[in-house]
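Here is a friendly walk through a structure that may be new to you. Have a look at it first, then read on.

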Number of protein chains: 2
Amino acid sequence: MKYQHNFNPTISDEDIFEEIVIEKEDIGYYNLVHQDGSVFKKYAEGVKQKNIVVIGIGGSTLGTYAIYKFLKYSKNLSKKLYFLETTDPIDIKSKLENIELDDTLFIVISKSGTTIETISIFKYINSLIKCDKNNTLVITESDSKLSEYAKANEIMSFNIPKNVGGRFSVFSAVGLVPLAIVGIDIDQLLSGAKEMHDSFFSKTQTYERVLKKARFFVEYKNSFNINVVFSYSSRLEGFNKWYIQLWGESLGKIDINSTRQGLTPIGIIGPIDQHSFLQLIVEGRRDKTVTVIKVEDFDSNLVIPSVRLEGLEELDYIDGIEFSSLINEQADATIESINNLNDIPCDVISIDSVNEKSIAALMYEYELLTSVCAKFMYINAYDQPGVEAGKIILKQKLKK
Amino acid sequence: MKYQHNFNPTISDEDIFEEIVIEKEDIGYYNLVHQDGSVFKKYAEGVKQKNIVVIGIGGSTLGTYAIYKFLKYSKNLSKKLYFLETTDPIDIKSKLENIELDDTLFIVISKSGTTIETISIFKYINSLIKCDKNNTLVITESDSKLSEYAKANEIMSFNIPKNVGGRFSVFSAVGLVPLAIVGIDIDQLLSGAKEMHDSFFSKTQTYERVLKKARFFVEYKNSFNINVVFSYSSRLEGFNKWYIQLWGESLGKIDINSTRQGLTPIGIIGPIDQHSFLQLIVEGRRDKTVTVIKVEDFDSNLVIPSVRLEGLEELDYIDGIEFSSLINEQADATIESINNLNDIPCDVISIDSVNEKSIAALMYEYELLTSVCAKFMYINAYDQPGVEAGKIILKQKLKK
């Protein structure tokens, strides 16, 4: 028997890597890891206000929220961070009720500078308190209308580089400035991201992992059109939301063959969602991959005490177990039960601990993964043409 | 040309309805609307503590949280409600730090009575403060180990009927007791649910709507395996989570032909997720239905003021618009942009206002919808066999 074939992968890892290296010249997020954070830290040191209110939506808040939510109880933070990100009137009112406005710095963040939610809320704030150079900071593109506003009022502003998209902007001023102000170590954030950058571009572990994973996701996208991130810590709830935007908005695109692409992101939290979504994963249709994220060290010694509860003695076997062990054993039990089924693609990411480097490394790796998936799918990860139609319709409605 | 066929729907609306009527004899949630809430209200009146901490997970908390989150800023509530629902040590510690424990009622909720997360946390609480009949309430099945504990310690307890599943238990003591204690009108909740019940079982609007929708979801489940609920109010974030459990855990099942079924629930919030998930809906694969939920009346007069921001004059057209109008116009613009595409199944639910009847009606309708979908899919909506394997593995790990 003779045999010939050309069943090579349509695109090799090497080719993808070369495309990423070329793209890196134009797409700004890759190189944010090389920034010197001094200018942000210097500004942060001068902030006297106790409350920091970020006014923004989508890419202007999600990454910052992810990092803040992850770290806020584990770090001794000096200030409180709030986010005004929706036009829901009840949300705006209830949040502002709890904030002392005359001890607040307002950070208005909008890449385009004319985001309707952001400017609406900022206008409302202006009716409650005078916003000027003493209590306002602007983060936007250098030539936006919001930048003009800042200049006209001598308000300090930081730029969002034009080639850094909103959902890839967490390591620009968008994330670093508010995080530095509340006391998060942005050098460590940049360092964690840089480790992933270096490992990817030197083609070591991160490169291997990201290429393998992206190829799998894209090659099986028609069977497994849903990617579940199952994070075993409530501290990762913000990360999940950030991941959903990154994945959904970057990969939900029409490809070069005019074919609709899209991998649907779902973010769930363990152990809570063992009591919600896990049943669907285990017995439902095989349309999902599962990525479990574990935190190795919670830096907590909270223990289940040996308390005798009459009637409940059958649960005494949990006495003396640390909660951090319990949650990780719960994760492991879930992983084992999924792996025992043998037909659900599942991977596990263990991050070291609840610190800046860990979360930054995780987020930067997900940015890389998104970029690489987009290359395999022949789509542009960095635009979002699908949301424009709604914006135009809204403008017409409001101008009536 | 002659033609014969037997292409009738495999199962008629009438047949489904008959099955639901039969099921109603055994499945308890349907009839919770006929309860008299007096006994719950009487207990609630006697509660002196200012803080109410629910210790529970999954079906023991999600429905209560959904209603509380929806109403808490619109009602003048007398007490604060907290939820301890995860074994994440940082979550437990940070929540408890802000609660005055000696002015707290602890409500331990577990249907089985031996939920590991719930008992672990309750044991921990017991090491911080003496838990007895003065500050503890138990809600569980009548013959559970937790019920034994309550009896042994003369602690008040309410029963979860055996035929009411956790995720369908919001209108039992599970939801009604904590909600009544904090000052939510549970008669109005039951009344809102009862309206839907009556409309369904008298085969009027709710019947028409639920049957049509369920049939569509099930008949097109292989094309549209994902059901997105797009709620245009941050107050519905808890509802979204509750929906995800209800839908995922009830419909992710193996059917009578040993075929894996499952409709994947996704909950997103407008306008925030216009900047996150909408791109994927619009340009991604056609694997999603979209249900938009709007709140007609936010009972808010928060207005975008006519504040002049130099440089940003192009946005002056939003001046004078109420935020409640803006968010609803945003919803309408999204709906219009989706409908213009002509290939994304989309329906819109408008609830009246931010009150008890509205949220209860919405939740009861979703329970009915879930039951009807399960009938069309030939599955049991009320069990969750898929999560047992993980529980057994966990027990083995912990006993080591």
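Which residue of chain A comes closest to the rotation axis? It is Ile266(A), with its C-alpha at 3.7 Å.

## Ground rules

This is a predicted model, in which local features need pLDDT of at least 70 and side-chain atom pairs count only at pLDDT 80 or more, while totals for chains, interfaces and linings use all residues. Residues are numbered from 1 along each chain as its sequence is written, chains are lettered from A and ligands numbered from 1 in the order in which they are written, and side-chain values use heavy atoms, with hydrogens and water left out.

## Two copies, one axis

Back to that axis. Turn chain A by 180°, with 0.0 Å of shift along the axis, and it superposes on chain B with an RMSD of 0.1 Å; the fit is by least squares on the C-alpha atoms of residues with pLDDT of at least 70 in both copies. That is how a two-fold axis relates things. The copies meet through the same surface, because 100% of the interface residues of chain A are also interface residues in chain B.

## Where the chains touch

Take Thr264(A), which sits in strand E7 (residues 264-269) of chain A. Helices (H or I, at least four residues) and strands (E, at least two) are DSSP runs, numbered from the N terminus. Thr264(A) has a relative accessible area of 0%, so it is buried (buried means under 20%, exposed over 50%, partly exposed in between, with a 1.4 Å probe and protein chains only). Its contacts (heavy atoms within 4.5 Å), not counting residues up to four places away in sequence, include Trp247(A), Ile266(B), Phe277(B) and Lys288(B).

With Lys288(B), the side chain of Thr264(A) also makes a side-chain polar contact at 2.7 Å. That term means a pair of N or O atoms within 3.5 Å; within protein, one must be able to donate a hydrogen and the other to accept it, and residues adjacent in sequence count only if both atoms are side-chain atoms.

Charges and rings meet across the chains too. The charged end of Lys399(A) sits over the ring of Tyr317(B), 4.9 Å from its centre, and the charged end of Lys399(B) sits over the ring of Tyr317(A), also at 4.9 Å. To count, NZ of Lys or CZ of Arg must be within 6 Å of the ring centre and within 35 degrees of the ring normal.

## Aromatic rings

How many aromatic pairs are there over all chains? The count comes to 50. Rings of Phe, Tyr and Trp (its six-membered ring) pair if their centres lie within 6.5 Å; planes under 30 degrees apart count as stacked, over 60 as edge-to-face and the rest as tilted.

Phe17(B) and Phe200(B) form a tilted pair, because their centres are 5.8 Å apart and their planes are at 50°. Phe17(B) lies in helix H1 (residues 13-23) of chain B and Phe200(B) in helix H8 (residues 186-201) of chain B, so the pair ties together parts 183 residues apart in sequence. Both are buried. Tyr30(B) and Phe201(B), with centres 5.9 Å apart and planes at 80°, are edge-to-face. Both of these residues are buried as well.

## Helices under cover

Helix H7 (residues 173-182) of chain A is mostly covered, with 10 of its 10 residues buried. Just after H7(A), Gly183(A) takes a positive phi of about 110°.

Over in chain B, the buried residues of helix H4 (residues 89-97) include Pro89(B), Ile90(B) and Leu96(B). The buried residues of H4(B) pack against helix H12 (323-341) of chain A, together with strand E2 (80-84) and helix H5 (116-128) of chain B. At the start of H4(B), a side-chain oxygen of Asp88(B) reaches to within 2.8 Å of the backbone nitrogen of Ile90(B).

## Backbone quirks and cysteines

The peptide bond from Gly270(A) to Pro271(A) is cis, with omega near -5°. Asp299(A) has a positive phi of about 50° although it is not a glycine. With a relative accessible area of 70%, Asp299(A) is exposed.

What about disulfides, meaning pairs of cysteine sulfur atoms within 2.5 Å? The count comes to 0 over all chains. The sulfur of Cys373(A), for one, is too far from the others for a bond, because the closest cysteine sulfur, in Cys346(A), is 17 Å away. Cys373(A) is buried, with a relative accessible area of 0%.

Definitions and conventions. A disulfide is a pair of cysteine sulfur atoms within 2.5 Å.
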